[in-house]
Amino acid sequence: MKMPDAQSHPLCLLFFALFFCLGTAAEVSVWNVAINSTQDVVFRKTLYTNTTISMKFQGDTASCDKNLAFNISWYLRSSVCYNEVFNTPDNKAMNMFGMDHMLKDGWSGFYSQGYMYFDNCSYLFLPKVYYADFNPYQPLTSPKSDPSNQSLIWPDKPDISAVAKAWEDSPYMFIVKVQPLFHGVDDEDIGAEQLGFAFTMKVEMKGPHDYSSPADWPLMMFFMVMCIVYVLFGALWLCWCACYWRDLLRIQFWIGAVIILGMLEKAVFYSEYQSIRYKGDYVQGAVIFAELLSALKRSLARILVLIVSLGYGIVKPRLGTTVHRLAAVGLLYLLFSSVEGVLRVTGGFYGTVALVANLSLSLIDSCVMWWIFISLSQTTRLLKLRRNIVKLSLYQHFTNTLIFSVVASIIFIIWTTKVFKLVDCQTGWRDLWVDDAFWRLLFSTILLVIMVLLRPSANNQRFSHSPLIDEDDDEEEAKEPMLSDAFEGMKMRGSKPDSNGSQKLLSKEDEDLKWVEENIPTTVADVALPVMLDEEEEILKTKMERSKME
């Protein structure tokens with residue numbers, strides 16, 4: 001079997017990106033940080049214009065020293081470069097506190113800063129208006145130039161607990177420093193054991209779309225649309241199955257299972273983004289459930305593409321020992337994908353654990369990709385040898401879909417690499433959601449093609465497996481009417497008239513039963529035996545002709 005090696009690499013690239021691409025975590029808008037000593041905290045988020053940043057302090061006044069005061073200072077910084085805000089480690093971000101210039105020439109942004117002083121814990125825990133006016137914000141200058149004297153002032157007044165406001169749609173870094181002070185005592189004379197306080201600092205960022213960020217809002221709308229699309233997929237598939245439920249193939253049940261899981265996956269992710277929008281944070285248990293559901297759906301998606309490529313129910317009546325290998329691959333991928341998703345949600349996805357999980361998933365995906373490629377080529381070759389035009393056309397459409405997906409994925413990978421990877425300053429942060437949505441949309445397109453090609457219909461059995469014969473029966477059925485028309489009106493020697501000289505009329509049911517008995521063989525022997533007899537008669541006839549000539 002000669003197959004071009006050039007096709008395997010695009011297919012591997014497609015399925016690696018299609019199945020292994022992981023979703024990005026949604027941005028949280030409400031943080032509760034426990035403070036019990038001098039502490040610096042960094043918050044990162046993309047914000048809409050006019051988003052208000054609020055700070056609240058909660059705790060028990062009795063557990064706090066009355067002579068203890070607090071100086072809480074903050075620094076808000078925006079940048080056109082997404083990587084400056086989100087890729088800077090916390091220890092380096094702390095050094096940016098109070099900085100009035102950009103890290104590199106050619107970058108731009110703004111900053112604002114302020115501080116609040118509280119005499120004691122009671123005053124700290126009391127909700128109040130911290131400022132009469134919002135602190136002005138200033139543009140960041142280049143590293144070698146002098147600080148800018150330009151200040152931009154807000155016209156509106158701050159509400160209770162509000163400290164700052166976003167001035168443009170941009171990624172922001174918000175740094176808070178908490179410094180406890182004793183009245184009349186220098187900082188050097190205070191030991192760590194003397195700082196007897198503990199409270200919770202709550203930071204909220206709420207904008208025009210509640211707690212949703214400009215980076216997550218398009219993705220939330222995408223999940224809503226995809227949830228509707230999968231509901232339509234399910235309704236359409238259910239109608240097809242209900243109309244032709246007597247002739248359903250086994251593979252059509254797999255397609256229905258993948259549609260249901262895709263519908264649940266999109267609904268759970270959409271509810272997660274909705275929870276963040278209205279509450280500012282997500283429920284960890286719900287997110288873990290969403291990751292497990294997504295892992296199950298991706299595992300079944302691999303198995304679905306594999307069994308379609310293997311020709312299950314179309315070329316092969318059963319998978320035999322291949323079922324065990326399919327189950328092993330699906331369970332392995334489900335295991336490692338679930339572990340990766342749970343660790344990523346709980347914050348343990350780093351170091352050796354992340355490396356082992358990524359390598360395991362990459363290895364399993366590589367095996368699945370190669371298996372799909374080999375199986376699809378073998379199935380197509382078998383159909384060509386059998387000269388089954390109907391089934392071969394089905395697999396040609398499926399192959400063309402994969403080729404289109406390969407081309408689209410290569411173009412998209414080149415575009416994302418150019419826009420997001422090979423740049424010093426990531427200014428296209430608004431399009432980051434496309435990197436996650438594209439692969440989900442691409443698989444949905446492939447699923448739609450599989451649904452259309454393998455949909456239940458009145459001719460459902462044309463795609464089902466038939467042993468030894470595929471096309472010959474159709475040809476024989478087409479020839480029989482032609483023969484009957486050709487000999488119409490002629491007396492056949494082998495036919496005997498009825499005793500009364502007239503032919504009995506048969507009902508429609510009797511005619512259908514008679515046609516089934518005459519045209520559909522009950523066993524393979526019924527088909528093969530007449531052929532063998534015809535061959536023996538031809539041989540005997542040939543021998544007799546030769547003997548006469550001699």
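**Exercise 1. Checking a helix span**

At 1.5 Å a residue, what should helix 11 (residues 432-453) span, and how far apart are its end C-alpha atoms?

*Solution.* Keep in mind that you are working with a predicted model.
- Step 1: count the residues; helix 11 has 22 of them.
- Step 2: take 1.5 Å times one less than the number of residues. For helix 11 the expected span is 32 Å.
- Step 3: compare with the model, where the end C-alpha atoms of helix 11 are 33 Å apart, which agrees with the expectation.
- Step 4: look along the axis too, since helix 11 bends by about 25° at Phe 438.

**Exercise 2. Taking stock of the chain**

Work out how many helices and strands the chain has, and what share of its residues is buried.

*Solution.*
- Step 1: the secondary structure comprises 14 helices and nine strands.
- Step 2: of the 550 residues, 42% are buried.
- Step 3: turn to the surface, where the accessible area is about 30,600 Å² and carbon and sulfur atoms hold 60% of it.
- Step 4: among contacts with a separation of 6 or more, 83% link residues 24 or more positions apart.

**Exercise 3. Finding the partners of strand 3**

Which strands pair with strand 3 (residues 52-59), and in what sense?

*Solution.*
- Step 1: strand 7 (residues 162-165) runs antiparallel to strand 3, joined by three bridges. Within this pairing, Ile 53 has Ala 164 as its bridge partner.
- Step 2: strand 9 (residues 199-206) is also antiparallel to strand 3, with eight bridges between them. Here Met 55 is matched with Val 203.
- Step 3: zoom in on Thr 52, which belongs to strand 3. Beyond residues up to four places away in sequence, Thr 52 touches Ala 162, Ala 164 and Lys 165, as well as Glu 204, Met 205 and Lys 206.
- Step 4: check one distance; Thr 52 and Ala 164 are 112 residues apart along the chain, yet their C-alpha atoms are separated by 6.1 Å.

**Exercise 4. Placing a serine**

Is Ser 29 buried or exposed, and which side chain does its own side chain meet in a polar contact?

*Solution.*
- Step 1: locate Ser 29 in the loop between helix 1 (8-20) and strand 1 (30-35).
- Step 2: apply the cut-off, under 20% relative accessible area for buried. Ser 29 has 0%, so it is buried.
- Step 3: find the polar contact; the side chains of Ser 29 and Lys 45 meet at 2.7 Å.
- Step 4: list the wider surroundings. Leaving aside neighbours within four places in sequence, the contacts of Ser 29 include Val 203, Glu 204, Met 205, Tyr 211 and Gly 280.

Conventions. Residues numbered from 1 in each chain as written. Predicted model: local features only at pLDDT ≥ 70, side-chain atom pairs only at ≥ 80, totals over all residues. Heavy atoms only, no water. Helix = DSSP H or I, 4+ residues; strand = E, 2+ residues; numbered from the N terminus. Bend = angle between axes of the 7 residues up to and from the residue. Buried < 20%, exposed > 50% of the residue type's maximum accessible area, 1.4 Å probe, protein only. Contact = heavy atoms within 4.5 Å. Areas by Shrake-Rupley, 256 points an atom, 1.4 Å probe, with all protein chains shown as cover. Pairing = 2+ DSSP bridges. Polar contact = N/O pair within 3.5 Å; in protein donor to acceptor, adjacent residues only side chain to side chain.
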